[in-house]
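The following exercises concern side-chain interactions in a single structure. Work through each task before reading its solution.

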Amino acid sequence: MLRISNGVKYILWANIILFALEYVLGCWDIRLDNYLALYYVKSPYFKPMQFITYMFMHGGIMHIFFNMFALIQFGSAIESIWGIKRFTFYYMATGIGAGLINMVATHLELSPFLDAVNAYFSNPTPDTLESMANTSRFINPDVVCQWADIWRAGKMEPQAIIDESISQIQDLMNKHYLWQPMVGASGAIFGLLLAFGMMFPNLKLQIMFIPIDIPAKYFVALYGVIELVFGINDFQWDNVAHYAHLGGMLIGLMLMLWWKKNPHNELFN
C-alpha cells in the first residue's frame, strides 16, 4: 500500500471539500454545479473556468469514491517518480484536455441537430420538421415523421403541431444538451491510467471483482478500447462522457511522448 503523496493528497482534499460543500449548499437549494460543472458551450450556464472546476465536482458518493481510489493508487506511484510539479501539471493538463476534447465531440454530435432545429424554428414546415428525424439519439424518428404525416394530411391544425413540437424540442434541448453538465475527475484519472501503463507496463493489475492478473499495458489498452466502443456507439441510455476519458488518455500520451523526447525540462526540476 503506497503512502499518499503530497500532490495526490491536495487533489484528494480539494475533491472531498467541494463534494461536501455541494451537499451542504444543496440543503438550501444552492446548486454549486450550476457554476462549477462543465456545461455545453451554448448553454447559458457555460463559463470558461468550468474546464478546470468540473474535474473537482462529482455526481454521487460512488462516483467520487472510485475516482479518488484510482487517484490514490495510480497517482501516488506516478508522483513518487515524477515529483509534485510534473505530476500536478500532468493531472491538470489531462483533465482540462479531456474537457476540451469532450466539448468538441459534443459539438460535432449536436451540430446536425441544432442546425435542423434552427431551420425548423425559422421556417416550420412538414419538411423542416421531418429533417430532424435522425439528427439526435434522443429523438424518436417515428414520432417526428408521424407529426409530419399528420400535418401533411391536414388531420390537425398546423399551429397546434408547431406549438407542441417546438415545446417538446425545447424540453429535449434543456434536458439533454443545455442543462446537463459534465462532472468528475475521470478524464484526469484516465490520463493517470495511461501514464501508469507506460511507466509500469508489466506490473500486474486486477479489474475490481475479477481476480485475474493483467499486465498494466494490456489493462490500459482494454480500458481504451472499451471507451472507444461506447463512445462510437453513443447508446441512448449511456450518460458517461467516454470521449472525455479518451481525451484524458490522448493528452496524457502526447505529454508522455513529448517528455520522452525532451527529458530535461527545467520547469519540473
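**Exercise 1: Charged pairs in one helix**

Arg152 and Asp149 both belong to helix α7 and are three residues apart, about one turn of the helix. Helices here are DSSP runs (H or I, at least four residues), numbered from the N terminus. The model is predicted: local features need pLDDT of at least 70, side-chain atom pairs count only at pLDDT 80 or more, and totals for chains, interfaces and linings use all residues. Residues are numbered from 1 along each chain as its sequence is written, and side-chain values use heavy atoms, with hydrogens and water left out.

Task: Determine which salt bridges Arg152 forms with Asp149 and with Asp127, and place the partners in the chain.

Solution.
Step 1. Apply the criterion: a salt bridge is a side-chain nitrogen of Lys or Arg within 4 Å of a carboxyl oxygen of Asp or Glu.
Step 2. Between Arg152 and Asp149 the closest N and O atoms are 3.7 Å apart, and the pair forms a salt bridge.
Step 3. Salt bridges that share partners join Asp149 and Arg152 with Asp127 and Glu130 into one network.
Step 4. Arg152 also forms a salt bridge with Asp127, with closest N and O atoms 2.7 Å apart. This pair links distant parts of the chain, since Arg152 is in helix α7 (residues 141–153) and Asp127 in helix α6 (residues 126–130), 25 residues apart.
Step 5. Classify accessibility by relative accessible area: buried means under 20%, exposed over 50%, partly exposed in between (1.4 Å probe, protein chains only). Arg152 is partly exposed at 41%, Asp149 is partly exposed at 44%, and Asp127 is exposed at 53%.

**Exercise 2: A further salt bridge**

Task: How many salt bridges does a search of the whole structure find, and is Asp33 buried or exposed?

Solution.
Step 1. The search of the whole structure finds four salt bridges.
Step 2. One salt bridge joins Asp33 to Arg31, the closest N and O atoms being 2.6 Å apart.
Step 3. Asp33 has a relative accessible area of 10% and is therefore buried. Arg31, at 47% relative accessibility, is partly exposed.

**Exercise 3: Aromatic rings**

Task: State how many aromatic pairs a search of the whole structure finds, and describe the geometry of the pair Phe74 and Phe196.

Solution.
Step 1. Rings of Phe, Tyr and Trp (its six-membered ring) pair if their centres lie within 6.5 Å; planes under 30 degrees apart count as stacked, over 60 as edge-to-face and the rest as tilted.
Step 2. The search finds twelve aromatic pairs. Among them, Phe65 and Phe66 are edge-to-face, at 5.3 Å centre to centre with 75 degrees between the planes. Phe65 is partly exposed at 45% relative accessibility, and Phe66 is partly exposed at 36%.
Step 3. Phe74 and Phe196 are edge-to-face as well, at 4.9 Å centre to centre with 65 degrees between the planes. The pair links helix α4 (residues 61–82), which holds Phe74, to helix α9, which holds Phe196, across 122 residues.
Step 4. Phe74 and Phe196 are both buried.

**Exercise 4: Helix α9 and an aromatic cluster**

Task: Which residues does Met198 touch, and which residue lies over the face of Trp259?

Solution.
Step 1. Met198 lies in helix α9 (residues 186–199) and is partly exposed, with a relative accessible area of 36%.
Step 2. Not counting residues up to four places away in sequence, Met198 touches Leu253, Met256 and Leu257, where contact means heavy atoms within 4.5 Å.
Step 3. Trp259 forms one aromatic cluster with Trp82, Phe89 and Tyr90.
Step 4. Arg86 lies over the face of Trp259, at 4.5 Å from the ring centre; the criterion is NZ of Lys or CZ of Arg within 6 Å of the ring centre and within 35 degrees of the ring normal.

Key
Helices (H or I, at least four residues) and strands (E, at least two) are DSSP runs, numbered from the N terminus.
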